Amino acid sequence: MTAAEPVTEQEGRTIYRRPLLLSNPTSYCPGCGHGIVHRLLAEVLEEMGLGAKTILVGSVGCSVFAYDFLALDSVESPHGRAAAVATGVKRFRPDKVVFTYQGDGDLAAIGTAEIVHAAARGERFTVVFVNNGIYGMTGGQMAPTTLAGQKTTSSPRGRDVATQGYPLPVTEMLSLLPGVHYAARVSVADPGHVGKAKQALRRAFEVQLEDKGFSIVEVLSTCPVGWGLTPTEAMERLRDIVMEAYPVGTFVDRGRGIAPALPQPGAAHRSITEGF
Amino acid sequence: MTVVDRPASARPHSAAASRAHGGDAEDAPQRVLMKGNEAIAEAAVAAGCDAYFGYPITPQAELLEWMARRMPEEGRVFVQAESELAAINMALGASAAGARVLVSSSSPGISLMAEGMSYMAGSRLPVVLVNVMRGGPGLGSIGAAQGDYLQATKGHGHGDYRVPVLGPSSISEAIDLVREAFILAERYRTPVMILADGILGQAMEPVAPTFKTLAKRQPDWILDGADHREPRVLKSLHLRPEDLEAHDIELHEVYQQIAANEIRWAGERLEDADVLLVAYGTAARVARTAVERLRDEGVRAGLFRPITLWPFPAAALREAATGARVVMAVEMSAGQMVEDVRLALEGAAPVFHHGRMGGMVPSPDGVVDTMRRVLASSEEAAR
């Protein structure tokens with residue numbers, strides 16, 4: 001029986017079993033998407049029977065305590081370095097399932113070099129990239145993914161693209177790399193998108209098990225406290241504004257013939273034996 | 001003596017293996033000519049290094065190149081990282097997963113690795129880090145220097161931790177200390193640094209190819225999936241100050257054990273010495289020659305050579321300096337180790353310093369000249 005199957009039904013209520021891999025109640029703010037993503041991960045790993053062979057590579061940010069909520073072998077990373085740490089784990093233990101859990105500050109700002117080169121090397125681990133467009137833990141500062149015009153504590157008049165640059169579409173950028181075998185963006189805005197997010201996480205771990213290359217799932221998420229909204233308003237903003245700026249979908253799934261319709265680097269990654 | 005060109009097609013350790021077959025007494029010990037960087041790399045391979053991560057930087061690059069060839073030959077992990085930041089964090093991950101890991105760089109890259117070293121110390125993760133020092137500060141020069149002594153022994157990354165530091169003075173000694181470093185790293189679950197310099201890394205010396213193996217341990221803290229056991233977490237974060245203090249106290253109990261059990265040093269001509277030179281690494285080679293020249297002039301000189309730079313062999317130095325008229329540190333720096341010499345002697349003898357910087361190497365004559373002046377002025381003061 002999986003956690004997704006109902007345990008009991010009574011008076012119109014359906015009660016689901018808690019996934020075994022969810023070890024403690026989370027300490028996230030009301031309306032934060034991290035709890036949903038943790039639960040999806042716990043369900044997917046449990047359903048795939050991978051919990052006992054999975055190693056979580058944590059990161060710095062609100063999800064720094066993920067190892068307190070997911071019953072997995074875990075290692076902490078310095079801020080931004082999760083993709084390098086995961087490279088070390090997976091290269092030495094290719095028989096294990098390895099994933100990083102990173103926010104947008106961690107992955108898209110301080111960890112840009114690490115994520116790009118891990119993807120370029122086609123490292124065989126999975127990246128769970130939770131993008132809420134803000135630095136939540138340190139008090140709601142502007143992140144690389146903050147939308148143009150969005151007010152944060154470090155862009156109090158709204159992000160001015162003339163001086164503070166444009167939002168960084170990391171997952172689209174990574175999807176250009178031949179080493180990236182699966183790249184998708186999903187959302188936790190409503191139950192339908194949560195279901196698709198779960199499918200994407202499952203597919204990413206399948207790709208890792210196929211040992212073909214790098215896999216990443218970007219999950220668009222909320223930060224009601226950092227956004228200055230109620231949990232309900234935050235979900236509405238996620239659906240109506242954030243998902244408009246960051247379209248969801250599968251960018252790459254090379255195993256299923258989905259590759260970006262963008263110009264590929266030509267001779268540069270072709271072997272010199274192919275007749276240079 | 002066999003001469004091994006770089007890149008070598010013959011393995012130094014296979015030369016040792018062939019000697020094992022026909023070794024009789026009249027065979028001179030077969031020696032091979034190796035670069036320090038290559039010898040350090042091969043010593044790590046022989047000691048069962050599972051994973052190497054590095055980034056090219058002069059004067060350390062041959063170490064990376066040697067590992068690029070040898071590690072895949074042995075079916076082990078080699079990754080040329082995108083930066084030293086990434087290299088040390090790959091090491092963090094591999095060490096957490098139970099690998100015996102070597103990382104190497106030179107001064108500017110070592111600065112970038114300071115972050116990861118602090119996390120590894122806090123998370124109790126073993127790793128051996130080689131610093132083939134060059135001149136600084138900043139981009140500095142690519143010449144050999146010892147300007148990272150204070151960084152290596154007093155700080156490096158942020159926070160309240162220590163790292164054992166080993167200072168080899170010859171390529172043969174470097175080979176032995178690589179294995180020692182892995183032993184210390186795993187015995188105490190700590191990063192260990194080998195503090196070499198550009199001359200030690202770049203020079204070729206005949207070495208006895210005594211590359212020794214090292215048995216694997218089965219630690220009970222590594223991450224290999226929580227299969228029928230409680231999940232393990234390797235971390236340095238302890239948010240409650242009470243918890244962090246308790247963790248830091250544990251770390252410092254380990255450092256006290258290291259300081260009590262692992263001090264290494266060497267002395268030459270100390271028996272009757274009343275003039276003491278103190279030097280490590282390449283500077284100790286210069287000081288050794290200076291000792292001989294001073295002896296030729298009738299000065300009873302001796303050499304005290306720390307091998308563990310942290311923990312510093314303070315008690316042994318104090319004993320060696322008993323009754324000394326003059327103690328002088330010789331360094332390829334403006335005077336860094338000399339601070340530890342002064343702390344060790346607590347005023348028991350006057351302490352002087354002779355050093356060159358920026359990639360310049362002190363000459364034995366320079367050392368002797370400074371010592372002559374020191375002796376003359378102290379005799380004058382005594383009158």
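**Strand pairing and the chain A–chain B interface**

User: In what sense do strand 5 (residues 101-105) of chain B and strand 6 (residues 127-133) of chain B pair?

Analyst: The model is a predicted one. In it, 4 bridges link strand 5 of chain B to strand 6 of chain B. Within this pairing, Val103(B) lies opposite Leu129(B) of strand 6. The sense of the pairing is parallel.

User: Which strands are the edge strands of the open sheet in chain B?

Analyst: The open sheet of chain B holds 7 strands in the order 4-3-5-6-8-7-14, with mixed pairing. An edge strand pairs on one side only. In chain B the strands that do so are strand 4 and strand 14 (308-310).

User: Which residue of strand 9 of chain B is the bridge partner of Met34(B)?

Analyst: Strand 2 of chain B and strand 9 (residues 204-207) of chain B run antiparallel and are joined by 4 bridges. In strand 2 (residues 32-35), Val32(B) and Met34(B) point one way, while Leu33(B) and Lys35(B) point the other way; all are buried. Such alternation between the two faces of the sheet is what a regular strand shows. For Met34(B), the bridge partner in strand 9 is Glu205(B).

User: How many residues of chain B are in contact with chain A, and how much area is buried between chain B and chain A?

Analyst: On the chain A side, 30 residues take part in the contact. On the chain B side the number is 36 residues. Carbon and sulfur atoms give 64% of the buried area, and that area is about 2,600 Å².

User: Which residues in chain B lose the most area to chain A?

Analyst: The interface of chain B and chain A buries about 2,600 Å². Three residues together account for 19% of what the chain B side buries. These are Glu82(B), Leu223(B) and Leu237(B).

User: How far apart are the closest N and O atoms of the salt bridge between Arg81(A) and Glu115(B)?

Analyst: The rule finds 3 salt bridges across the interface of chain B and chain A. One of the salt bridges in the model is formed by Arg81(A) with Glu115(B). For this pair, the closest N and O atoms are separated by 2.9 Å.

User: Which element gives the largest share of the side of chain B that touches chain A?

Analyst: Across the interface, 13 residue pairs are in polar contact. On the side of chain B that touches chain A, two or more residues each come from strand 4 (77-80), helix 4 (84-96), helix 5 (107-122) and strand 10 (233-234) of chain B. The residues of this side divide into 21 nonpolar, 6 polar and 9 charged. The largest share, 8 residues, is given by helix 4 of chain B.

User: Which residue in strand 10 of chain B is the bridge partner of Val75(A)?

Analyst: Strand 4 (residues 73-75) of chain A runs parallel to strand 10 of chain B, and 2 bridges join them. In strand 10 of chain B, Val75(A) has as its bridge partner Leu234(B).

User: Is Ala183(A) buried or exposed?

Analyst: Ala183(A) belongs to strand 9 (residues 180-187) of chain A. Beyond its neighbours within four places in sequence, its contacts include Thr171(A), Ile216(A) and Phe251(A). Because its relative accessibility is 0%, Ala183(A) counts as buried.

User: Which residue follows Thr58(B) across a cis peptide bond, and which follows Trp310(B)?

Analyst: The bond after Thr58(B) has an omega of about 5°, and its partner lies in the loop between strand 3 (51-54) and helix 3 (61-73) of chain B. The bond after Trp310(B) has an omega of about -5°, and its partner lies in the loop between strand 14 and helix 11 (314-320) of chain B. The residues are, respectively, Pro59(B) and Pro311(B).

User: Is His156(B) buried or exposed, and is Glu346(B) buried or exposed?

Analyst: Neither residue is a glycine, yet phi is positive at about 70° in His156(B) and near 45° in Glu346(B). His156(B) lies in the loop between helix 6 (149-154) and strand 7 (165-166) of chain B, and Glu346(B) in the loop between helix 12 (337-345) and strand 16 (351-355) of chain B. With a relative accessibility of 16%, under the 20% cut-off, His156(B) counts as buried. At 65%, over the 50% cut-off, Glu346(B) counts as exposed.

Notes: Residues are numbered from 1 along each chain as its sequence is written. Chains are lettered from A and ligands numbered from 1 in the order in which they are written. This is a predicted model: local features need pLDDT of at least 70, side-chain atom pairs count only at pLDDT 80 or more; totals for chains, interfaces and linings use all residues. Side-chain values use heavy atoms; hydrogens and water are left out. Contact means heavy atoms within 4.5 Å. Buried area is the accessible area (1.4 Å probe) that two parts lose on being put together, summed over both. A salt bridge is a side-chain nitrogen of Lys or Arg within 4 Å of a carboxyl oxygen of Asp or Glu. A polar contact is a pair of N or O atoms within 3.5 Å; within protein, one must be able to donate a hydrogen and the other to accept it, and residues adjacent in sequence count only if both atoms are side-chain atoms. Ala, Val, Leu, Ile, Met, Phe, Trp, Tyr, Cys and Pro count as nonpolar, Asp, Glu, Lys and Arg as charged, and the others, Gly among them, as polar. Two strands pair if DSSP finds at least two bridges between them. Buried means under 20% relative accessible area, exposed over 50%, partly exposed in between (1.4 Å probe, protein chains only).
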